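Here's a walk through the fold, the charged pairs and the rings of one protein chain. Have a look at the structure first, then we'll get into it.

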Amino acid sequence: MDYKVLFANRTAEVLIIAVYLLFIFWIGPAFMRNRKPYILRKTLICYNFLQSALNAYLAYKVFFDIWGKWDLRCNMRDNPNFDAVFKVSLQNFYYYYFLKFVDLLDTVFFVIRKKKNQITFLHVVHHAGMVIIINWGLRLYRDAAAHYTIICLLMNTTVHVIMYFYYGLAAFGPSMGKYLWWKKYLTLVQIIQIFCMILYMTITFLTGCDEFRLFDKLSFSFFALNFFLFINFYQKSQKE
């Protein structure tokens, strides 16, 4: 499959995000107003386990990409053999970009299952924002190319393996409840992940390993926003 198809036309991304927002805030709720929530048990089981498997595959690819480029971590953008060095990493990011569109189905399922409480500001900003920021990074990949982007990709896909595996188990219903005692740690794991990503980015900037350019500032700001939103979400969930 060519994962560049979604990327080829900028209009496609804008249209998908626009339809996504319209559906979750207007079209979906209007459609479901007089309908009972859909159960979607089999669909959710398949979707979540597939997502976990796809992220595991990507995490595997990214790990060995990092392993082979570790000695180049401070010489990505200015490497004279940039195209050859960054080729595999770029393909991984195209694959990741495709997965971010698949992630949007999370919200669609919330809408048709009438799980309005799960459609939080954090949820929407995170999903839509990831699509936009990755698209920008791919379009300006020569400026955005930095070792921290690959490290962050590995962290995020690894956490998504765990997260979607949990949701896959939860989709089986109440009978799985006794095996899902670790639910309360999921948000904590995501917070730790984002903190580590921000920390690694900070270290690379302060040590001069990477320059703090426009894309880096945007990425850093986006991760910082998500960090505080996740903390706020975690604190509220602990009080419930």
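Leaving aside its neighbours within four places in sequence, which residues is Gln-193 in contact with?

## Starting from Gln-193

Keep in mind that this is a predicted model. Once neighbours within four places in sequence are set aside, Gln-193 is in contact with Met-155, Asn-156 and Val-159. Gln-193 sits in helix α9, which runs over residues 186-206. With a relative accessibility of 8%, Gln-193 counts as buried, because anything under 20% falls in that class.

## Overall fold

Zooming out, the protein has 10 helices and zero strands. Reading from the N terminus, the order of elements is simply α-α-α-α-α-α-α-α-α-α. The C-alpha trace spans about 60 × 40 × 30 Å along its principal axes. The radius of gyration is 19 Å, which agrees with the value near 18 Å that a compact globule of 240 residues would have.

Of the 240 residues, 47% count as buried. Contacts reach well along the chain too: among those with a separation of 6 or more, 82% are between residues 24 or more positions apart. For one specific pair, take Asp-78 and Ala-146, which are 68 residues apart in sequence but 9.9 Å apart in space, C-alpha to C-alpha. Asp-78 is found in the loop between α3 and α4, and Asp-78 is exposed, at a relative accessible area of 59%.

## Annotated transmembrane stretches

The unreviewed UniProt entry puts the annotation "transmembrane region" on residues 12-32, 44-63, 94-112, 119-138, 144-173, 185-206 and 218-234. How do a couple of these look in the model?

Over residues 119-138, the chain is 90% helix and 0% strand, and the C-alpha atoms at the ends are 28 Å apart. Residues 185-206 come out at 95% helix and 0% strand, with 31 Å between the end C-alpha atoms.

## Salt bridges

The count comes to three salt bridges. One joins Asp-65 and Lys-69, whose closest N and O atoms are 2.1 Å apart. Both residues lie in helix α3 (residues 41-69), four residues apart, or about one turn of the helix. Are they buried or exposed? Asp-65 is buried, and Lys-69 is too.

Another salt bridge brings together the side chains of Lys-100 and Asp-103, at 2.6 Å from N to O. Here the partners are three residues apart in helix α4 (residues 82-103), again about one turn, and both Lys-100 and Asp-103 are buried. Then there's Arg-213 with Glu-211, a salt bridge at 3.3 Å, N to O. Arg-213 counts as partly exposed at 24% relative accessibility, and Glu-211 is partly exposed at 44%.

## Aromatic pairs

The rings give you plenty to look at, with a count of 20 aromatic pairs. Take Tyr-60 and Phe-64: their ring centres are 5.0 Å apart and their planes sit at 65 degrees, so this pair is edge-to-face. Tyr-60 and Phe-64 are four residues apart in helix α3, which means about one helical turn separates them. Tyr-60 counts as exposed at 53% relative accessibility, whereas Phe-64 counts as partly exposed at 47%.

Trp-136 and Phe-215 are also edge-to-face, because their planes are at 80 degrees, with ring centres 5.8 Å apart. What does this pair tie together? Trp-136 lies in helix α6 (residues 121-139) and Phe-215 in helix α10 (residues 214-239), so the pair ties together parts that are 79 residues apart in sequence. Trp-136 is partly exposed, at 25% relative accessible area, while Phe-215 counts as buried at 10%.

## A ring cluster and a charge over a ring

Ring pairs also link up into a cluster made of Tyr-47, Phe-109, Tyr-164, Tyr-166, Tyr-167 and Trp-182. Elsewhere on your tour of the rings, look for Arg-35: this residue lies over the face of Phe-31, at 3.9 Å from the ring centre.

Note on methods. Residues are numbered from 1 along each chain as its sequence is written. This is a predicted model: local features need pLDDT of at least 70, side-chain atom pairs count only at pLDDT 80 or more; totals for chains, interfaces and linings use all residues. Side-chain values use heavy atoms; hydrogens and water are left out. UniProt positions are given in the numbering used here, feature names are shortened, and annotations may be inferred rather than shown by experiment. Helices (H or I, at least four residues) and strands (E, at least two) are DSSP runs, numbered from the N terminus. A salt bridge is a side-chain nitrogen of Lys or Arg within 4 Å of a carboxyl oxygen of Asp or Glu. Buried means under 20% relative accessible area, exposed over 50%, partly exposed in between (1.4 Å probe, protein chains only). Rings of Phe, Tyr and Trp (its six-membered ring) pair if their centres lie within 6.5 Å; planes under 30 degrees apart count as stacked, over 60 as edge-to-face and the rest as tilted. A charge sits over a ring if NZ of Lys or CZ of Arg is within 6 Å of the ring centre and within 35 degrees of the ring normal. Contact means heavy atoms within 4.5 Å. The radius of gyration is taken over C-alpha atoms; the globule rule is 2.2 Å times the number of residues to the power 0.38.
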